[in-house]
Amino acid sequence: MLSHRSLWEGIDALAQRHGHSVSALAKIAGLDATAFNVSKRVSKDGRERWPSTESIAKVLEATGETMDSFLAGGTFLQMGGNTNRGPQTVPLLGLAQAGVGGFFDSAGFPAGQGWDEVSLPSPDDPGLYALEIQGDSMLPLYREGDRVVVSPTEQVRRGDRVVVKTREGEVMAKILFRQSAKQIELHSLNPAYEPRIINTRDIEWIARIIWASQ
């Protein structure tokens, strides 16, 4: 039986098989780039939205797929199959552009042309994990209870938001202000906290914060 979930998962699987994000799939089918985004699948009041038959027909024509393979792809995802999932993306727009008409529908969902894309952290990235912020040293950026996604494989540079673990077992979220062969200087955003200067030999590891959930 067709369901809301099976149709959307069929679109996801179709995009993955052809090496596209759902936004790219929409574009090659001649649709709005945001047509298949996750934000379009549920309305603000929690009601499920269905992809239109016209949009499904266009992506099948653009990819040369059949309805049978389309629906089988969705079933395969539900069974936990590996479809070589590509990077997941969300629409991206500058704040200055956002104030201009035409980029949002009446419910506040992305619409129209001119959107870029930004990749979300992938759970397939090696070593990716999340930490919950405690304390107020990074206010107003991070509040107590906010969650940050950390990648130990990303290159760390001056000015990055990082998580640092000392050899004494202290773990802290800070701004990497300066780093040399002998020491690092860490800053908090909250002016009530003084900068921390720590000898490099006392640092166990430094990992870059790449995402935050607030």
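Is Arg17 buried, partly exposed or exposed? In this predicted model, Arg17 has a relative accessibility of 37% and so counts as partly exposed. This residue is a handy place to start a tour of the chain, and the wider layout comes next.

The chain holds five helices and nine strands. Read from the N terminus, the elements follow the order α-α-α-α-β-α-β-β-β-β-β-β-β-β. Of the 214 residues in the chain, 34% are buried. The accessible surface amounts to about 12800 Å², and carbon and sulfur atoms account for 52% of this area. When contacts between residues at least 6 apart in sequence are considered, 56% of them join residues at least 24 apart.

The helices bring us to the interior. The largest nonpolar core contains 15 residues, and those touching the most other members are Ile11, Leu14, Leu25, Leu31, Phe36, Val59 and Phe70. Two or more residues of this core come from each of helix H1 (4-17), helix H2 (22-28) and helix H3 (53-63). Helix H1 gives the most, with five residues. Val59 offers a good view of the packing: setting aside residues up to four places away in sequence, Val59 touches Leu14, Leu25, Ala29, Leu31 and Phe36. Another core lies apart from this one and has ten residues, including Val148, Val150, Val163 and Ala207.

Aromatic rings come next. One aromatic pair is found in a search of the whole structure. The partners are Trp8 and Phe36, arranged edge-to-face with 6.3 Å centre to centre and 70° between the planes. Because Trp8 belongs to helix H1 and Phe36 to the loop between H2 and H3, the pair ties together parts that are 28 residues apart in sequence. Both partners are on the buried side of the 20% cut-off: Trp8 has a relative accessible area of 4%, and Phe36 one of 1%. Elsewhere, a charged residue meets a ring, as Arg158 lies over the face of Phe177 at 5.0 Å from the ring centre.

Side chains of opposite charge can pair when their charged atoms come close. The count of salt bridges comes to ten. One of them returns to the opening residue: Arg17 and Glu65 meet through their side chains at 3.2 Å, N to O. This pair links distant parts of the chain, with Arg17 in helix H1 and Glu65 in the loop between H3 and helix H4 (67-78), 48 residues apart. While Arg17 is partly exposed, Glu65 counts as buried at 18% relative accessibility. A similar contrast appears in the salt bridge of Arg178 with Glu185, at 2.6 Å from N to O: Arg178 is partly exposed at 40%, whereas Glu185 is buried at 15%. Salt bridges also link Glu154, Asp160 and Arg208 in a network.

Among the strands, Glu132 forms a salt bridge with Arg147, and their closest N and O atoms are 3.4 Å apart. Glu132 sits in strand S3 and Arg147 in strand S4, so the pair ties together parts that are 15 residues apart in sequence. Glu132 is partly exposed, with a relative accessible area of 47%, and Arg147 is partly exposed at 47% as well. The loop between strand S3 (129-132) and strand S4 (147-151) contains Gly145, which is partly exposed at 32% relative accessibility. Beyond its neighbours within four places in sequence, Gly145 is in contact with Glu132 and Ile133. Gly145 and Ser213 are 68 residues apart in sequence, with their C-alpha atoms 9.4 Å apart in space.

Technical notes. Residues are numbered from 1 along each chain as its sequence is written. This is a predicted model: local features need pLDDT of at least 70, side-chain atom pairs count only at pLDDT 80 or more; totals for chains, interfaces and linings use all residues. Side-chain values use heavy atoms; hydrogens and water are left out. Helices (H or I, at least four residues) and strands (E, at least two) are DSSP runs, numbered from the N terminus. Buried means under 20% relative accessible area, exposed over 50%, partly exposed in between (1.4 Å probe, protein chains only). Contact means heavy atoms within 4.5 Å. Accessible areas come from the Shrake-Rupley method with a 1.4 Å probe; for residues, only the protein chains shown count as cover. A nonpolar core is a set of buried Ala, Val, Leu, Ile, Met, Phe, Trp, Tyr and Cys residues joined through side-chain atoms within 4.5 Å. Rings of Phe, Tyr and Trp (its six-membered ring) pair if their centres lie within 6.5 Å; planes under 30 degrees apart count as stacked, over 60 as edge-to-face and the rest as tilted. A charge sits over a ring if NZ of Lys or CZ of Arg is within 6 Å of the ring centre and within 35 degrees of the ring normal. A salt bridge is a side-chain nitrogen of Lys or Arg within 4 Å of a carboxyl oxygen of Asp or Glu.
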